[in-house]
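Please walk through this structure with me. The route starts at charged pairs, moves to strands, and ends with the whole chain.

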Amino acid sequence: MAIDWQKLSEQYREDYIADLTTLVGIDSSRDDSQATDTYPLGPGPAKALIAFLGLAERDGFKTKNLDNLAGYVEYGEGDDTLAILGHADVMPAGKGWHTDPFTLTEKDGNLYGRGTSDDKGPALAAYYGLKMLKDQGIQPKIKIRFIIGTDEESDWTGMNHYLDLEPAPTLGFSPDAEFPLINGEKGNVTFTTNFAGSNGGELTLVDFESGLRENMVPRDAEATVTGGDNDQLVADFKQFLDQVPVTGETTVDATGIHFEVIGKAAHGMEPKNGINAGTYLASFLNAYDFGGDAADFLSLLANELHDDSRAHKLGIAFTDKVMGDLTMNVGIQTFKADNGALINTNFRYPTGTGAADIQAGLAKATANMAATIKQGREMVPHYVDPDDPIVATLMDVYRQQTGDTTAQPEVVGGGTYGRLMKRGVAFGALFPGTADTMHQADEFQPAADLLKAMAIYGQAIFELTK
């Protein structure tokens, strides 16, 4: 069957954008403070899942909602299953937007809104790829399941719930990364370093706050300090800002001097793409006379973690010729005087190192501090041989649809649902040359790119199931 997939995808432009408008309009960031039996991750992720399944029900697909934690759209029959794994949750919007993050806004050919790039826009493009097959009357020779998770940006509770209840797919891809294709993903582990929150120096650190998620470079940081010469601190801070790539301001009131720093958010898989407001603020404050846990908290951030995405200062830098560098993102950073403090570090690591080596580096850096280190969830490195038929087929489709005959599969630091399958990969939807705005303010994806991705997904699903 000869199908002009790109011409076909253009016919769905209006419907696609209408459906994406609906999905982007839901703030589906996880919020455990609003968790209920009905909404186990807070209302947002569940509402986005329900909306996604509602689109499929409208289009005549079989669907199933698994306790508002995950769901799937099914087409075709067979013992084997091709899985397409996307997610309906998003990162918190954060500050710095020039449009409403939860109103899809089209400007200069770009679609702005939280989730347009990660992952509502790409996931919906993949869904429309499946819809094109159904609308064309094409019957796949194996079962296809479009599976939707609800907390990919945190601990994958939803997708793990799916795998507890349903058979593991035979093979599949996740439209949650970039083109041409991701056949390898680094390991992923997070450590949290905790402090009690004591002070003791000439200055008192009342509070310090930076970061929204462990896998997001913090754009904003704020701190309150008492006990110093406020005029001198204000003057010093202005001089500091003249020398570093962040902006900021100070205010003084009866509760102390308040510092604010603005950097640049970015996806935590490559911290070099962002500017960490928290570690910059800590590097300024670390020059002053703090004591107790406050001094240790600031020292660890400023001396061991600041501006060192490859973790050289921790002594754990590592590079693999296939998977590349170990990377470190300093995510959540909080301090409350006498009420506890923590520093959250997320590592993406290649084959050849691992959590034990990373923890040893953190332990050495904090050996003289009253700190405790706790390891979080770990995902080991994932790799699918480039000669595997799923890699070869998807790469062939990409080359046909784009004309890029030299494109090759890649290994990245990001973690996608593709790694849940032995023969799972990540496939789009960010094209080479398009700005990566995932996890950032003003997240966008070009409309033309999403329609091109739809065409690629349509042909890819057809080729994998014919």
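Across the whole structure, a search finds 20 salt bridges. The model is a predicted one. Side chains of opposite charge can pair when their charged atoms come close.

Take E74 and K62. Their side chains meet in a salt bridge, with 3.3 Å from N to O. E74 sits in strand β2, residues 70-75, and K62 in strand β1, residues 62-66, so the pair ties together parts that are twelve residues apart in sequence. The two ends are not equally covered. E74 has a relative accessible area of 10%, so E74 counts as buried. K62 has a relative accessible area of 48% and is therefore partly exposed.

Now turn to helix α4. Here K131 forms a salt bridge with D135, and the closest N and O atoms are 3.2 Å apart. Both residues belong to α4, residues 120-135; because they are four residues apart, about one helical turn separates them. K131 is buried, at 11% relative accessible area. D135 is partly exposed, with a relative accessibility of 37%. This pair also belongs to a network of salt bridges that links D19, R58, D59, K131 and D135.

A further pair is E166 with R145. The closest N and O atoms of this salt bridge are 2.9 Å apart. E166 lies in the loop between α5 (157-165) and β7 (171-174), while R145 lies in strand β6, residues 143-149; the pair therefore ties together parts that are 21 residues apart in sequence. Are these partners buried or exposed? Both E166 and R145 are buried.

Strand β2, the home of E74, deserves a closer look. How many of the six residues of β2 are buried? Six of the six are, so β2 is largely enclosed by the rest of the structure. Its side chains split between two directions. A70, Y72 and E74 point one way from β2, whereas G71, V73 and Y75 point the other way. All of these residues are buried.

Next come the neighbours of β2. Five bridges join β1 to β2, and the two strands run antiparallel. Within this pairing, T63 has V73 in β2 as its bridge partner. β1 and β2 form a hairpin, with three residues between them. D67 lies in the turn and has a positive phi of about 60°. The E74–K62 salt bridge thus joins two strands, β2 and β1, that are also paired by bridges.

β2 pairs with β6 as well. Six bridges join β2 to β6, again in antiparallel fashion. Y72 stands opposite I147 in β6. β6 is also the strand that holds R145, the partner of E166.

Further along the chain there is an open sheet of eight strands. Its order is β14-β15-β13-β11-β19-β20-β10-β21, and the pairing is antiparallel. Which strands form the edges? They are β14 (247-253) and β21 (372-379), and each pairs on one side only. On average, neighbouring strands of this sheet are turned by 20° against each other, direction ignored.

Helix α7, residues 277-285, packs on this sheet. Its contacts are with β11 (204-210), β13 (220-226), β15 (256-262) and β19 (327-336). The direction of α7 makes about 25° with that of β13.

One pairing in the sheet shows the register. Strand β10, residues 187-195, is joined to strand β20, residues 340-349, by nine bridges, and the two run antiparallel. F195 stands opposite A341 in β20.

Step back to the whole chain. Its secondary structure comes to eleven helices and 26 strands. The radius of gyration is 23 Å, close to the 23 Å that the globule rule gives for 466 residues, so the chain is as compact as a globular protein of that length. Along the principal axes, the C-alpha trace spans about 75 × 45 × 45 Å.

Burial and contacts complete the picture. Of the 466 residues, 59% count as buried. Among contacts with a separation of 6 or more, 77% come from residues 24 or more positions apart. The chain exposes about 18,000 Å², and carbon and sulfur atoms supply 46% of that area.

Technical notes. Residues are numbered from 1 along each chain as its sequence is written. This is a predicted model: local features need pLDDT of at least 70, side-chain atom pairs count only at pLDDT 80 or more; totals for chains, interfaces and linings use all residues. Side-chain values use heavy atoms; hydrogens and water are left out. Two strands pair if DSSP finds at least two bridges between them. Axes are lines fitted to C-alpha atoms, for helices over the stretch in contact, and angles run from 0 to 180 degrees between N-to-C directions. Contact means heavy atoms within 4.5 Å. The radius of gyration is taken over C-alpha atoms; the globule rule is 2.2 Å times the number of residues to the power 0.38. Buried means under 20% relative accessible area, exposed over 50%, partly exposed in between (1.4 Å probe, protein chains only). Accessible areas come from the Shrake-Rupley method with a 1.4 Å probe; for residues, only the protein chains shown count as cover. A salt bridge is a side-chain nitrogen of Lys or Arg within 4 Å of a carboxyl oxygen of Asp or Glu.
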